[in-house]
Amino acid sequence: MTVGVYPGSFDPVTYGHFDIIERSSAIMDRLIVAVLNNSSKSPLFSVEERVNMLIDVTKHLPNVEVRSFNGLLVDFVQANQANVIIRGLRAVTDFEYELQLSQTNRVIAPQVDTIFLTTNLKYSYLSSSIVKEIAMYGGDISAFVHPSIAEKIRAKFAGD
Ligand code: PNS
């Protein structure tokens, strides 16, 4: 049984993340989307909100579950009897950071490997930060996130 962990901040989940989730869920027997609950970052959405948004957009994928985690990613991977970490690579600019992350993780936990999926070209420019910036200035984010997520972002910036 191949169990993959797709970790990230997902603040919020974009169509780029969603593309990686759909494609990796087709490769893995089970996929755990792992939402980082890290107090050193100040996210727009709480970890519960991020988990719930991910549950909402992945509910049609029966082998996908969403959880949050604290601490080291490799500890979470091992505690969940997972085999691999999955990360998306958008452009060469991602490579250096991703290489450092995966190699560090392999030093801490040699039995945990990372596999990379190249992002769909349609979303290679996309990031949660860009989506938040556009939304903050009242721009249209419908090309970047699911309609339900766009509404939650709009409400957050409107202070609803
Ligand atoms: O969406 P992001 O912010 O690029 O995801 C980064 C993430 C969650 C994969 C990374 O920050 C992480 O794994 N954090 C957990 C702490 C950890 O294990 N650090 C050691 C790896 S160098």
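Biologist: Which residues are linked in a network of salt bridges?

Modeller: Arg30, Glu65 and Arg67 are joined in such a network. Keep in mind that this is a predicted model. In total, the structure holds 10 salt bridges.

Biologist: Let's take one pair. What makes Asp19 and Arg23 a salt bridge?

Modeller: Their closest N and O atoms are 2.8 Å apart. The cut-off asks for a side-chain nitrogen of Lys or Arg within 4 Å of a carboxyl oxygen of Asp or Glu, so the pair of Asp19 and Arg23, at 2.8 Å, qualifies.

Biologist: Where do Asp19 and Arg23 lie?

Modeller: Both sit in helix α1, which spans residues 15-27. They are 4 residues apart, about one turn of the helix.

Biologist: Why is Asp19 called buried?

Modeller: Its relative accessible area is 10%. Buried means under 20%, so Asp19 earns the word.

Biologist: And why does Arg23 count as partly exposed?

Modeller: Arg23 has 31% relative accessibility. Partly exposed is the range between under 20%, which is buried, and over 50%, which is exposed; therefore Arg23 is partly exposed.

Biologist: How do you know that Glu98 and Arg87 form a salt bridge?

Modeller: Their side chains meet at 2.8 Å, N to O, and the limit is 4 Å, so the pair counts. This pair links distant parts of the chain: Glu98 belongs to helix α4 (residues 92-108) and Arg87 to strand β4 (residues 84-89), 11 residues apart.

Biologist: Are Glu98 and Arg87 buried or exposed?

Modeller: Both of them are buried.

Biologist: What about Glu151 and Arg154, what makes them a salt bridge?

Modeller: The closest N and O atoms of Glu151 and Arg154 are 3.0 Å apart. With a cut-off of 4 Å, they therefore form a salt bridge. The two are 3 residues apart in helix α6 (residues 147-158), so about one helical turn separates them.

Biologist: Why do Glu151 and Arg154 count as partly exposed?

Modeller: Glu151 has 42% relative accessibility and Arg154 has 43%. Exposed needs over 50% and buried needs under 20%, so both residues are partly exposed.

Biologist: One last residue: why is Val64 called buried?

Modeller: Val64 has a relative accessible area of 13%, and buried means under 20%, so the label fits Val64. Val64 is found in strand β3, residues 64-69.

Biologist: Which residues does Val64 touch, leaving out those up to four places away in sequence?

Modeller: Val64 touches Ile21, Ser25, Leu31, Val33 and Thr58.

Conventions:
Residues are numbered from 1 along each chain as its sequence is written. This is a predicted model: local features need pLDDT of at least 70, side-chain atom pairs count only at pLDDT 80 or more; totals for chains, interfaces and linings use all residues. Side-chain values use heavy atoms; hydrogens and water are left out. Buried means under 20% relative accessible area, exposed over 50%, partly exposed in between (1.4 Å probe, protein chains only). Contact means heavy atoms within 4.5 Å.
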